[in-house]
Amino acid sequence: MSRERLTGMPDHTTGPTTPRLLHRAFTVDDAEAFFAINGNRDVMRLTGEPVLESVESARTAIAGYPDFRTIGYGRWACVLKDTGRIIGFCGLKYLPDLDAVDVGYRFLPEFWGRGLATEACAASLRYGFDTLGLDRIIALVLPENAASIRVLERVGMKRDGELEYEGLTALLYAIESRRRNQS
Ligand SMILES: CC(C)(COP(=O)(O)OP(=O)(O)OC[C@H]1O[C@@H](n2cnc3c(N)ncnc32)[C@H](O)[C@@H]1OP(=O)(O)O)[C@@H](O)C(=O)NCCC(=O)NCCS
């Protein structure tokens, strides 16, 4: 029986497919790939989050990640279709303190500059609007993270001020669904 029928919660553990990427939830078996991303100082430098210390802490983080169970959706592993390798993550996260849904992404440095974050981010936005029925999606980015700001601009997100979040000053970007704009 599907998880949806068992729990009543729609199953979004499989996310969008794009020309080059599959999206799916991380499992504990992905701990090494998760660590390769979140344990990499170059990846983490402008995220405002600490560098993960070990594969074991990656396993703990994946096992304790509540979002797919609690809110129904979350950040997905980005799997390169060509090779099956996990090369990053992208997806949606509900931020209770802002009562907003945030899009976020990280990729391994060797895959930067190929348009993959733009492809993944655009797919997450489409999924949020078309499948989840969201009205608005935000992104929080440090002002010095020029590559990420470029991604947000390329997917059509607009600057909507700045805010203090978890002790840092972040730029707020946002996009609204066409449905909301039409009503
Ligand atoms: C931000 C990140 C996801 C971008 O991934 P990516 O796959 O290289 O992104 P894309 O190739 O889709 O697009 C990057 C754009 O930024 C531009 N760019 C890259 N580095 C840049 C820089 N230092 N200054 C200005 N623009 C830059 C690229 O030229 C490209 O724009 P273009 O297509 O108009 O030329 C990647 O750098 C990353 O994983 N960074 C570490 C994690 C992180 O900071 N995540 C975001 C937190 S808000």
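**Close-up views of a predicted model**

**View 1. Asp130, a partly exposed residue of helix 6.** With 13 C-beta neighbours inside 10 Å, Asp130 counts as partly exposed, because that class lies between buried (20 or more other C-beta atoms within 10 Å of its own) and exposed (12 or fewer), with C-beta atoms placed from the backbone. Asp130 sits in helix 6, residues 116-131. Helices here are DSSP runs of H or I, at least four residues, and strands are runs of E, at least two; both are numbered from the N terminus. The C-alpha atom of Asp130 is 8.6 Å from that of Ser177, 47 residues apart along the chain. This is a predicted model: local features need pLDDT of at least 70, side-chain atom pairs count only at pLDDT 80 or more, and totals for chains, interfaces and linings use all residues. Residues are numbered from 1 along each chain as its sequence is written.

**View 2. Helix 6 from end to end.** At 1.5 Å a residue, its 16 residues should span 22 Å (1.5 Å times one less than the number of residues). The end C-alpha atoms of helix 6 are 21 Å apart, which agrees. Its buried residues include Leu116, Ala120, Leu125 and Tyr127. Gly133 follows helix 6 and has a positive phi, near 70°.

**View 3. The largest nonpolar core.** This core is a set of buried Ala, Val, Leu, Ile, Met, Phe, Trp, Tyr and Cys residues joined through C-beta atoms within 7 Å. The core has 42 residues, and Cys78, Ala120 and Cys121 have the most contacts inside it. Helix 6 gives the most to this core, seven residues. Beyond its neighbours within four places in sequence, Cys121 is in contact (C-beta atoms, placed from the backbone, within 7 Å) with Cys90, Val103, Tyr105, Val151 and Val155.

**View 4. The shell around the ligand.** The ligand is surrounded by 20 residues, each with its C-beta atom, placed from the backbone, within 6 Å of the ligand. The closest are Ala117, Thr118, Ala146, Ala147 and Arg150. Strand 5 (100-107), helix 6 and helix 7 (146-154) each give two or more residues to this shell. Helix 7 supplies the largest share, five residues.

**View 5. The hairpin of strands 1 and 2.** Strand 1 (residues 14-17) and strand 2 (residues 21-24) run antiparallel and are joined by two bridges. Strands pair if DSSP finds at least two bridges between them. Three residues form the hairpin connection from strand 1 to strand 2. Thr17 stands opposite Leu22 in strand 2.

Terms used
Two residues are in contact if their C-beta atoms, placed from the backbone, lie within 7 Å.
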